[in-house]
Amino acid sequence: MRTGDEANGLRRGGTIVVLTGAGISKESGIDTFRDADGLWSKVNVEDVATIERWHRDKKTVLDFSNERRAAFRSANIVPNAAHHALGRLQREWPGEVALVTQNIDLLHEAGGASRVMHMHGRGGLVRCMACGTVRESDADLFTHSRCADCGAIGELRPHIVWFGEMPLYMDEITAALERCDLFVSIGTSGTVYPAAGFIQIVRRRRPSARTIELNLEPSDGHSLFGETIYGPATEIVPAFVERLLSTAA
């Protein structure tokens, strides 16, 4: 573990970019995807979560999505202390806190965050592939579902990013990384791009920025960070936020 005074060198009101991955929601009961017992160890991603599969077999992709949604609803999942801490950071830090997540759950919002960039999309939204309209909806989708805007049948899909598609908000995220004074990565494996490359963007384009990894264990890219702190997210994230905010008082 490499650690120190995380606030040292961060000007009051400086720009913070926080990236979160599946590890921050695991303690709320949401299965991760890439752990040894994660979802992709049980399901072939090529069968259920690629844009190519959608074009070949919409029913299989939609059935998988409906099952995941039903499992999430029945689990009564709530935000944990790490989500609440980041919500507090966004409310109380006297500068910009750009919160970027790879997660499609709404636990950051439930934990008090008001501005979240869901780069892989988010639950509770559907998108029409025919007209591009995005609407709030938690209803199951089928090949006979009709778009309320353009009337197309069988073109509604979850508003999430499948493998083979470009993540959302990339221009906004890149701009935030290029002006940040502190980049914090929380609960990520460091294997999924482009998120795994954010640390390299910061190092290349914002070399003066502090970089910190908070994770249960070292990610694939841990050596690229200036500081690392390891442990359960519900313990290390609130403590980190408390120290950071104490410098802004």
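This report walks through a predicted model, from its confidence to its strands, salt bridges and aromatic pairs.

## How far to trust it

Because the model is predicted, local features are described where pLDDT is at least 70 and side-chain atom pairs count at pLDDT 80 or more, while totals for chains, interfaces and linings use all residues. Residues are numbered from 1 along each chain as its sequence is written, and side-chain values use heavy atoms, with hydrogens and water left out.

What about pLDDT itself? That is the predictor's confidence in each residue, from 0 to 100. The protein chain has a mean of 89, and 89% of its residues reach 70 or more. Residues 3-7 are a weak spot to keep in mind, as pLDDT stays under 50 there. For that stretch the model has 14 contacts beyond four places in sequence (a contact means heavy atoms within 4.5 Å).

## Strand β7 and its neighbours

Helices and strands here are DSSP runs (H or I over at least four residues for a helix, E over at least two for a strand), numbered from the N terminus. Let's start with β7, which covers residues 182-186 and has 5 of its 5 residues buried. Buried means under 20% relative accessible area, exposed means over 50%, and partly exposed is in between (1.4 Å probe, protein chains only). In a regular strand the side chains alternate between the two faces of the sheet. On one side of β7 you'll find L182, V184 and I186, on the other F183 and S185, and all are buried.

Two strands pair if DSSP finds at least two bridges between them. Strand β1 (residues 16-20) runs parallel to β7, joined by 5 bridges, and I16 has L182 as its bridge partner. β7 also pairs with β8 (residues 210-215), again in the parallel sense and over 5 bridges; here F183 stands opposite T211.

Helix α8 (residues 198-205) joins β7 and β8 in a right-handed β-α-β unit. Right-handed means that, with the strands pointing away from the viewer, the path from the first strand over the helix to the second runs clockwise.

## Strand β2, another covered strand

Now look at β2, residues 97-101: 5 of its 5 residues are buried, so the strand is largely enclosed by the rest of the structure. V97, L99 and T101 sit on one face, A98 and V100 on the other, and all of them are buried.

β2 runs parallel to β1, with 5 bridges between them, and V17 is partnered with A98. There are also 3 bridges from β2 to β3 (residues 116-118), which run parallel too. One partnership there is between T101 and H118.

## Salt bridges

The whole structure has 15 salt bridges, each one a side-chain nitrogen of Lys or Arg within 4 Å of a carboxyl oxygen of Asp or Glu. One of them joins R88 and E92, whose closest N and O atoms are 3.2 Å apart. Both lie in helix α5 (residues 81-92), 4 residues apart, which puts about one helical turn between them. R88 is partly exposed at 25% relative accessible area, and E92 is partly exposed at 43%.

Other salt bridges reach further along the chain. E165 meets R127 with closest N and O atoms 4.0 Å apart. E165 is in the loop between β6 and α7 and R127 is in strand β4 (residues 121-128), so the pair ties together parts that are 38 residues apart in sequence. R127 is buried, at 17%. E227 and R210 form another salt bridge, at 2.1 Å from N to O. This pair links strand β9 (residues 227-230), home of E227, to R210 in β8, 17 residues apart. E227 counts as buried at 11%, and R210 is buried at 18%. R69, D138 and D140 are joined into one network by salt bridges that share partners.

## Aromatic pairs

How many aromatic pairs does the structure hold? There are 2. Rings of Phe, Tyr and Trp (its six-membered ring) pair if their centres lie within 6.5 Å; planes under 30 degrees apart count as stacked, over 60 as edge-to-face and the rest as tilted. W54 and W162 have ring centres 5.5 Å apart and planes at 35°, so this pair is tilted. W54 is in helix α3 (residues 51-56) and W162 in the loop between β6 and α7, so the pair ties together parts 108 residues apart in sequence. W54 is buried at 0%, and W162 counts as buried at 5%.

F183 and F225 have ring centres 6.1 Å apart and planes at 15°, so they are stacked. The pair links F183 in β7 to F225 in the loop between β8 and β9, 42 residues apart. Both F183 and F225 are buried.
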